[in-house]
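Dear colleague,

Please find below the structure that I am passing on to you. I would be grateful if you could read the notes that follow alongside the coordinates.

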Amino acid sequence: MRLVAFFNNKGGVGKTSLVYHLAWMYSGLGRNVVAADLDPQANLTSLFIDHDSLEPLWEGQGRTTVYGALEPLLEGVGDIGSPHLVERGPGLHLVVGGLKLAAAEDEISGQWPGCLDRKPRAFRVVSALWRVLRRAAVQAEADLVLVDVGPNLGALNRAALVAADYVVVPLAPDLYSLHGLRNLGPTLRDWREQWAERRPRNPVADLALPDGAMRPLGYVVMQHAIRQDRPVMAYQRWMDRIPSVYSREVCSQDPQSALTVSDDPNCLAILRHYRSLMPMAQEARKPIFALEPADGAIGGHARAVRDCYRDFRALAGTILDRVDTG
């Protein structure tokens, strides 16, 4: 199993939409994939499931959400349970998120120091998200798990990132994303080092733990305006600064001088926002690149749909190439 987390502590950069479209793309390419919603806001879940179908999943103490799989452990009545998976397409399964997941934050935070003291429960709690997602991958016969996490640097996200083999950073070309990178990079290194110190202290011989690799896979530039196939000047100066800031803050490497986003090997893709098509896709409850004339995708919209498919297929291939050779 390869677990790829999509993370930025700056919100509003299109992270959830990116995970959603990639999950559908892998499904269309015949790849078994699990999409996991580990953001308590559950925006990824709401893209996959309409409200009428979602309400029953959230009833009954959330046992059909990711929190339901954690609940026995968090309440001290057992270990994790098997996650409930919702099949959304051929080979595509969703681990349903929910607001109740936020209730796990305090327990995960409180158990983190206990790993240094070799406490068994501390390791069970901190590794719980990874173990739930590993079970989900086995149930779905999937070798790829895409994880959406919230835009913060709290204990819940730390546990989610410790579970990750790779991290993709969605970015918008603006001041906020650049400053977000300056927080995100050092934080990932700190979490990686803290987990490397804790992991060997696990006293439970048969308790599997994540490696906590959190390898930077690259970044995706999202939601920039286009004019004649180039970002407008208002964004260009931020675009020009992304390669050096990402290289220095996330990869701990000396940035190459005069490297542009288009030439940067750390850039996985530059994606258009397709703003006019998003409401249409939400109404049809399908990814933008699957829209058809019956959904209203005609004329210029039909061309944009084809462009979207091309862009996401290329990005999906790039991610797989780097994951398979990483």
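The notes below concern helix packing, burial and aromatic pairs.

Please bear in mind throughout that this is a predicted model.

Helix H8 and its contact with helix H9

Helix H8 spans residues 155–162 and helix H9 spans residues 175–198; the two pack at an angle of about 70°, and their axes are 10 Å apart. An angle from 65 to 115 degrees counts as roughly perpendicular, so H8 is roughly perpendicular to H9. On the H8 side the contact is formed by Asn 157, Arg 158, Leu 161 and Val 162, and on the H9 side by Leu 188, Trp 191 and Trp 195. Sorted by class, the residues in this contact are five nonpolar, one polar and one charged.

Helix H8 is also notable for its burial: eight of its eight residues are buried, so the helix is largely enclosed by the rest of the structure. The buried residues of H8 include the charged Arg 158, which also takes part in the contact with H9.

Aromatic pairs

There are eight aromatic pairs in the structure. Two of them are described here.

In one pair, the ring centres of Tyr 20 and Phe 48 lie 4.8 Å apart with the planes at 65°, so the arrangement is edge-to-face. Tyr 20 belongs to helix H1 (residues 15–28) and Phe 48 to helix H2 (residues 43–48), so this pair ties together parts that are 28 residues apart in sequence. Tyr 20 and Phe 48 are buried. Ring pairs also join Tyr 20, Trp 24 and Phe 48 into a cluster.

In another pair, the rings of Phe 123 and Trp 195 have centres 6.2 Å apart and planes at 55°, so the pair is tilted. Phe 123 lies in helix H6 (residues 120–126), whereas Trp 195 lies in helix H9, so parts that are 72 residues apart in sequence are tied together. Phe 123 and Trp 195 are both buried. Trp 195 also appears among the H9 residues that contact H8.

Helix H12

Helix H12 covers residues 300–325, which is 26 residues. From its first C-alpha to its last, H12 reaches 38 Å, close to the 38 Å expected at 1.5 Å a residue. Its buried residues include Asp 307 and Asp 311, as well as Phe 312, Leu 315, Ile 319 and Val 323.

With kind regards

Technical notes: Residues are numbered from 1 along each chain as its sequence is written. This is a predicted model: local features need pLDDT of at least 70, side-chain atom pairs count only at pLDDT 80 or more; totals for chains, interfaces and linings use all residues. Side-chain values use heavy atoms; hydrogens and water are left out. Axes are lines fitted to C-alpha atoms, for helices over the stretch in contact, and angles run from 0 to 180 degrees between N-to-C directions. Helices (H or I, at least four residues) and strands (E, at least two) are DSSP runs, numbered from the N terminus. Angles under 35 degrees count as roughly parallel, over 145 as roughly antiparallel, 65 to 115 as roughly perpendicular and the rest as oblique. Contact means heavy atoms within 4.5 Å. The expected span of a helix is 1.5 Å times one less than its number of residues. Buried means under 20% relative accessible area, exposed over 50%, partly exposed in between (1.4 Å probe, protein chains only). Rings of Phe, Tyr and Trp (its six-membered ring) pair if their centres lie within 6.5 Å; planes under 30 degrees apart count as stacked, over 60 as edge-to-face and the rest as tilted.
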